[in-house]
Structure formats: structure tokens, C-alpha cells
Amino acid sequence: MPFISRRLRAALLATASAALVAAALPTPVPLGIGDPLFPHLGNPGYDVLAYDIGLTYHGSNSAPLDAVTTIEARTTEPLDRINLDFTHGTVRSVEVNGLRADFATADEDLVVRPVGRLPAGVPLRITVHHTSDPSGDRESGGWVRTADGLVMANQADAAHRVFPGNDHPADKAYFTFRITAPKDITVVANGLPVGKVRHGADTTWTYRTQHPMATELAQVGIGTSTVLHRTGPHGLPVRDVVPSADRELLEPWLARTPGQLAWMEEQVGRYPFGRYGLLVADTDTGFELETQTLSLFERSLFAGNNYPAWYVESIMVHELAHQWFGDSVSPLGWSDLWLNEGHATWYEARYAEEHGGESLESRMHDAYVRSDGWRAVGGPPARPDAPAPGQKLSLFRPVVYDGSALVLYALRQEIGASAFDRLERSWVRKHRDANADTEDFVRLASQVAGRDLTPFLDGWLYGAKTPPMPGRPRWHSATPADRR
């Protein structure tokens with residue numbers, strides 16, 4: 001009989017075990033919570049309270065990480081099986097409330113069968129031993145490889161390519177990250193550091209969030225980085241993470257963050273978290289991302305020397321504004337994306353106007369001219385068309401950026417600047433650390449204005465055509481023929 005190594009023997013046993021598990025389960029099916037844009041995203045029957053995600057990085061950004069994800073939840077209905085969103089990793093074992101559980105996969109769901117039926121309203125502890133694989137198509141999101149390691153880009157539906165969970169912003173939870181990496185590697189994550197332990201050639205870094213967070217906003221950065229510290233308004237800690245070789249190059253840009261924080265607080269009130277900062281990665285994503293308390297930026301935005309200063313700063317403010325709009329106040333469904341991107345674009349445009357860029361009036365007029373075309377291509381702001389098959393990021397169209405900022409401009413024209421400012425402050429205060437949808441926004445706007453704004457906002461949010469702009473009778477939206 002040929003010699004079989006312990007590693008091969010373990011792999012054969014795991015394969016046999018998985019086959020037995022698959023045979024034991026009835027045919028698993030993927031589930032979802034009914035989001036029209038992502039039908040199989042999220043899962044019914046339980047509410048996640050906290051994630052504890054343990055990752056072991058072995059020094060290569062193309063090799064799978066060993067992982068253990070523990071989910072603390074509560075059942076909201078009787079369950080004889082539990083669906084988790086997870087793909088692009090190997091599941092080795094699952095435990096539910098301390099007992100080994102059968103599992104199988106269905107599309108991008110991990111379907112777990114606990115021992116016995118779980119009643120509604122009971123605590124649920126799910127532990128999944130798995131791998132987290134950074135290889136594959138970068139455009140699919142999840143792990144993004146950098147020049148010296150890894151970062152995460154999970155928006156909109158890619159967190160479950162990294163760890164199992166309930167991957168929908170409607171189910172926010174607290175997070176603990178425990179990441180083990182070689183001792184010469186720097187590891188950062190959302191939240192605050194709560195431990196750093198050296199053991200042999202490795203170091204384990206632990207971070208914990210102080211506020212609930214949507215899965216799409218999770219961030220872990222692994223690389224040969226330098227962590228810089230400064231202070232923002234009222235003593236707010238600001239932590240920036242940069243490639244070590246670029247520390248001096250990036251410092252002039254990073255030094256502007258405290259002033260941007262002060263500017264945003266003047267607009268909408270106190271920053272909603274206990275820390276902020278930038279994670280600058282040497283990689284090419286084509287976007288920047290508002291991961292909670294630690295926004296992800298491409299190095300090229302700052303190092304390319306291709307953009308005027310006001311433009312770079314306005315993009316920094318865009319991601320900063322998301323900390324209020326999208327992170328603290330998260331969308332209830334993906335059709336509410338306009339509340340995230342419309343507001344971030346609104347404050348981006350206003351900051352640009354005040355710092356040497358295009359005037360708000362000019363930018364909104366240009367958006368109005370293009371608005372009917374954007375709606376025809378991608379749907380209205382609050383009822384966007386589903387992303388194209390295999391192109392999830394196609395959801396992020398002009399209509400949810402400038403087209404949605406245009407809705408806010410129209411609303412301010414209708415109710416006045418003073419009422420609009422009160423609405424903005426009330427919105428982020430009322431829904432802090434929670435979820436809200438378009439109906440919530442219309443309701444609050446009506447309360448602040450002292451009249452029902454539903455008839456006015458319906459056309460702006462859901463209409464195929466752009467309504468007339470209050471106070472701007474000469475504004476017209478161009479037809480496709482006009483734009484040619």
C-alpha cells in the first residue's frame with residue numbers, strides 16, 4: 001500500500017465526510033429575504049447579533065486563509081435548517097449550539113441542519129470552520145489583493161465570499177476580528193484594537209466594533225503598512241493605514257481629514273463613531289469604498305498627480321459622508337441605495353463648490369439635463385433596475401449618484417434650505433446605528449416640512465421622467481436625440 005501523508009489522509013476524510021453530509025440532508029435550496037435586486041441575499045428565520053471572525057494569513061495573498069467564523073444570533077421563527085450566505089471557500093465543519101451539524105451547499109448558500117428543530121426566540125451560536133480564498137475574479141469583490149497583502153471590498157454582495165453570514169445590510173451586527181499573520185505584517189480592521197499577542201513567528205491582532213455594522217462594510221487590511229495617528233474634532237482619534245514606502249507622499253492628503261470631519265459635522269452633526277481614518281491600498285479597484293470607520297482608497301487617487309486638489313478632497317468627503325449616510329444609517333433594502341449615494345454625492349458636490357470646484361448649481365443643472373436618460377437606462381433613483389447578470393457593480397449607476405443628489409436639490413428647493421438642514425440632522429440622529437428606507441425618509445421630510453411631501457417626492461423617486469425643478473422653470477431634461 002502506498003504511503004499516504006497525514007495531510008492527504010485528512011483531505012480524503014474531509015471529502016468522505018462532506019459526501020455523507022450531503023447524502024443526509026434533503027435537497028438544500030438557497031433562500032433570501034426578498035430583496036428585489038438580490039433575491040438570494042440575506043436569510044430568513046434569525047437575527048444576527050454578533051460575528052467573531054478568526055483568520056490566519058500564511059504570508060501569501062493568493063493562498064486560502066484558514067478561518068473560524070462564530071455567529072451569535074437569535075431565531076425569529078422555528079427552524080429545522082439554517083441558511084448562511086457563503087461561497088468561494090471550503091467548509092470543514094459546522095457546530096450549532098455546541099453540537100456538530102450536517103451541512104451542504106446550494107448555489108451561494110451554506111445550508112446547515114441542526115440537531116433537532118429550533119423554536120423561535122432562542123439563542124443561536126453557529127461556528128463554521130472554513131477557508132477564505134482570495135483567489136479568483138477581482139470584479140466579484142470580497143478579498144482584493146494588493147501589492148503587499150489583502151484588503152476587503154464587499155459592496156454590494158461580496159462579504160459572503162470572505163466569511164459565512166447573513167449578507168444583507170438589513171441585518172447589522174457587532175464584529176470582532178482576530179487575525180493571525182507573520183510578525184512582520186501589519187493587520188488592521190474596523191473598530192478599535194483590543195489585543196495584540198505575539199506567539200513564535202506570528203502575531204494575532206484583535207479588533208472589535210463599538211457600533212453595529214452591515215456585512216458589506218467589513219474591512220480587514222493585511223500588509224507591510226504603517227499606521228499613522230492624528231486627532232480630529234473634539235479629540236476624535238484618526239487612524240490612517242498606508243503603504244510604508246508612501247508615508248511622506250500621502251501625508252499632505254491625510255492631514256486634511258480632521259478639517260473634512262469638522263466640515264461634515266457643521267453640516268449634519270457629530271461624527272457617529274469613535275474613530276475614523278483612511279486605508280490606502282496599492283491596488284487597482286476603480287473605486288473608493290466607505291468601509292465603516294476605515295474608508296478604502298486606491299493609492300493612485302493621491303499619487304497620480306492627475307487631479308486637482310479640490311477634486312481629490314471632494315472624493316475623500318464623499319466616503320466620509322457615507323459614515324453618516326450608509327454606515328450609521330444603513331439601507332433597509334438595496335433599492336434604498338439612493339439614500340447612501342445621493343447624500344454622499346450631495347456633500348461631495350457642496351464641498352467641491354466651497355473649495356474651488358464646480359458650483360453646485362451648475363452640477364445639478366447638468367444632472368437635470370441628463371436625468372431622463374439615466375432613468376431610462378437604469379430606472380428611477382428609488383426603484384433601480386437590477387444589476388446585469390454577472391455584473392453586480394452595474395447597480396452603481398449615475399442615477400444613484402448625481403441623479404439622486406438631484407432629488408435632494410429639488411427637495412431643498414421645495415422646502416427651503418433651513419428645513420432641509422433640519423431634515424438632514426434629524427435623519428442621521430433618528431436612525432443612528434439602525435436601518436431606514438425611502439418611506440422613512442419621505443415621512444420624516446413631511447414632518448419637518450409640516451405637510452405631506454409624498455405627492456412631490458413620488459415623481460422624483462419613482463417616476464420614469466424627471467419632474468419640473470422648483471424655482472428653475474427654464475431647466476429641461478434632454479432627450480436621447482438632444483444628447484447626440
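Helix α3 covers 12 residues, 257-268, and at 1.5 Å a residue it should span 16 Å; its end C-alpha atoms are 17 Å apart, which agrees. The expected span is 1.5 Å times one less than the number of residues. Helices (H or I, at least four residues) and strands (E, at least two) are DSSP runs, numbered from the N terminus.

This is a predicted model, in which local features need pLDDT of at least 70, side-chain atom pairs count only at pLDDT 80 or more, and totals for chains, interfaces and linings use all residues. Residues are numbered from 1 along each chain as its sequence is written, and side-chain values use heavy atoms, with hydrogens and water left out.

**Helices**

Is α3 enclosed or open? Nine of its 12 residues are buried, so α3 is largely enclosed by the rest of the structure. Buried means under 20% relative accessible area, exposed means over 50%, and partly exposed lies in between (1.4 Å probe, protein chains only). Among the buried residues of α3 are Trp263, Met264 and Glu265. Just after α3 comes glycine 269, with a positive phi of about 105 degrees.

Now take α8 (residues 402-415) and α9 (residues 417-430). They pack at an angle of about 125 degrees, and their axes are 6 Å apart. That makes α8 oblique to α9. Axes are lines fitted to C-alpha atoms, for helices over the stretch in contact, and angles run from 0 to 180 degrees between N-to-C directions. Under 35 degrees counts as roughly parallel, over 145 as roughly antiparallel, 65 to 115 as roughly perpendicular, and the rest as oblique.

Which residues meet? Leu408, Leu411, Arg412 and Ile415 in α8 meet Ala417, Ala419, Phe420 and Leu423 in α9. Contact means heavy atoms within 4.5 Å. By class, this contact has seven nonpolar, no polar and one charged residues. Ala, Val, Leu, Ile, Met, Phe, Trp, Tyr, Cys and Pro count as nonpolar, Asp, Glu, Lys and Arg as charged, and the others, Gly among them, as polar.

**Sheets**

Eight strands form an open sheet with mixed pairing, in the order β5-β4-β8-β2-β1-β11-β14-β13. β5 (99-100) and β13 (192-199) stand at the edges with a single partner strand each, so one side of each has no neighbour in the sheet. Two strands pair if DSSP finds at least two bridges between them. Inside this sheet, 10 bridges join β2 (residues 65-75) to β8 (residues 123-132), and the two run antiparallel. Glutamate 72 stands opposite arginine 125 in β8.

Three strands form an open sheet with antiparallel pairing, in the order β3-β7-β6. Its neighbouring strands are turned by 25 degrees against each other on average, direction ignored. Four bridges join β3 to β7 (residues 109-113). Isoleucine 82 stands opposite valine 112 in β7.

**Loops**

Some loop residues deserve a look. A cis peptide bond joins glutamine 155 and alanine 156, with omega of about 5 degrees. Alanine 156 sits in the loop between β10 (150-153) and β11 (174-182). Histidine 88 is not a glycine, yet has a positive phi of about 70 degrees. Aspartate 433 also is not a glycine, and its positive phi is near 60 degrees.

| Residue | Loop between | Relative accessible area |
|---|---|---|
| Asparagine 306 | α4 (299-303) and α5 (309-322) | 60%, exposed |
| Histidine 88 | β3 and β4 (91-96) | 26%, partly exposed |
| Aspartate 433 | α9 and β21 (434-436) | 26%, partly exposed |

How far apart are asparagine 306 and proline 28 in space? They are 51 Å apart, C-alpha to C-alpha, and 278 residues apart in sequence.
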